[in-house]
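Student: Could we go through this model term by term, setting each value against its definition before accepting the label?

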Amino acid sequence: MKASLFATNSDAKAVPSWVGTQSTFHSGIHDLAVADGKVFAGYGDYNINTGPVSLNSYSIATGAEKREVTGMPAEEIHTLRVWDGNVYAPNMDPRVSWTSPANYGLYDSATHLGSYVANTPFVHVFDSAELGGELFLAGSIQNPDKAEYGPTNTIAAIKKSVDGGATWTIERTAADDPTVLATYPGDGEYARYYWMSVVGGKLYTRASTMSATGAASLAFQYPGKDGVQHTAYNNTGLDVYTPGSGWSTVDPGPVIATLPHPYHADAVGSKIVFSKSTLRGDVVSVNGSAGLAAFDTTTGKYTTISGPGLSAVLDTYQDGGTTYMLANSLTAPAVYSSTDGSTWTKRADVSGITGNAESIAVSGSTVFIGTGAAAIYKATLPN
């Protein structure tokens, strides 16, 4: 499948010289979405505090660029979601205080207008979801009440809106273990909800927290402010929201290993597929097994989906009932598709791309691929 240059994100390309060695990530197109005859792109780097960033779109017909939401007070747009035809761009790392409102960039397909929504405080917003007319935001917040939520200054949090995003309530929280923070004072607090996925009328998510004890396969290291690599553990359970019934917890048994959390999750049939475990696209594995990590909502267990090329998954994208996967290989990126999350069909190898492939979106038979050089390529899937 031959790809050709479709568009360039002018804001991602305009990387300031001081960004230096991180510039290839800052300039990358981290996620893509399709809505209202347009392709939307995310970029930025919250590790080195870039920004502000804009939510830019590109006409599918002409490739023309438009700033739909200009100058969001954000350091990065990493995960784009389309709910009811509207595009949500969570503010991954707001350039405001922890107590200031910070939600997401929004493109309304009915009015063809973009806006920045900021009406509830967040430290980070990593993902959004919609279920039964209710909106959800996942991330972390400053602890509003230590008597209710524990002694840590920040907590992982899911917030919910039942009025289209006008008002929000705290729905679910999780906190780091104070023992870990006491052992490594000054390291900061990392309790966060990084992802959400809706399957079978339920919302699934998992809090990432540092605990004093936990599954050995969930041990992870992080650089402390004292210059030393520290080891912490993550919780294993999944949080599940059922409309009308509220929240419950699932113990998935065998756990996702190698890294503490995925950054991107998509529903494929009855499975939740995890395609990225770090910002740079490292693969999530299950107990060290190569392949694509998934959670099967019918069995309540994690599993590994094996197959050629599936051990280097870069991104996934849902188009109707089909999920498409962008996987890397030694020779070229490849596109796979699945309707059930178990059987993946290789659709095509992709040629003609300059730079590393990072992200994918699909509209009908047209594939869009974002690269690490601020570019978006376009190709047509073979029958």
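The dialogue below takes up confidence, burial, contacts, strands and cores in turn.

Student: What makes this a model to read with care?

Tutor: This is a predicted model, in which local features need pLDDT of at least 70 and side-chain atom pairs count only at pLDDT 80 or more, while totals for chains, interfaces and linings use all residues. Residues are numbered from 1 along each chain as its sequence is written, and side-chain values use heavy atoms, with hydrogens and water left out. Since pLDDT is the predictor's confidence in each residue, from 0 to 100, the average of 86 for the protein chain, with 85% of the residues scoring at least 70, is to be read on that scale. Over residues 278-282, however, the pLDDT is below 50, although this stretch has 19 contacts in the model beyond near neighbours in sequence.

Student: Why is Ala64 called partly exposed?

Tutor: Buried means under 20% relative accessible area and exposed over 50%, with partly exposed in between (1.4 Å probe, protein chains only). Ala64 has 42% relative accessibility, and therefore counts as partly exposed. For the protein chain as a whole, 55% of the 383 residues count as buried.

Student: Where does Ala64 lie, and which residues does Ala64 touch?

Tutor: Ala64 lies in the loop between strand E4 (53-59) and strand E5 (65-72), where strands (E, at least two residues) and helices (H or I, at least four) are DSSP runs numbered from the N terminus. Contact means heavy atoms within 4.5 Å, and Ala64 touches Ser57, Tyr58 and Ser59, not counting residues up to four places away in sequence. Ala64 and Ala7 are 57 residues apart in sequence, with their C-alpha atoms 7.4 Å apart in space.

Student: How do you know that E4 and E5 pair?

Tutor: Two strands pair if DSSP finds at least two bridges between them. Five bridges join E4 to E5, which run antiparallel, so the criterion is met. Tyr58 stands opposite Glu65 in E5, and the two strands form a hairpin with five residues between them, where Gly63 in the turn has a positive phi of about 80°. E4 also pairs with strand E3 (residues 38-42), in the antiparallel sense over four bridges, and the bridge partner of Lys38 in E4 is Ser59.

Student: Why is E4 described as largely enclosed by the rest of the structure?

Tutor: Six of the seven residues of E4 are buried, so the description follows.

Student: What makes E26 and E29 edge strands?

Tutor: The open sheet of four strands has the order E26-E27-E28-E29, with antiparallel pairing. Strand E26 (313-319) and strand E29 (345-349) each pair on one side only, and these are the edge strands. Within this sheet, five bridges join strand E27 (residues 322-327) to strand E28 (residues 334-338), and Ala327 stands opposite Ala334 in E28.

Student: What makes a set of residues a nonpolar core?

Tutor: A nonpolar core is a set of buried Ala, Val, Leu, Ile, Met, Phe, Trp, Tyr and Cys residues joined through side-chain atoms within 4.5 Å. The largest has 46 residues, and those with the most contacts inside it are Met1, Leu32, Leu80, Val335, Ile360, Val367 and Ile376. Apart from it lies another core, of 27 residues, among them Tyr88, Trp168, Ala191 and Ala207.
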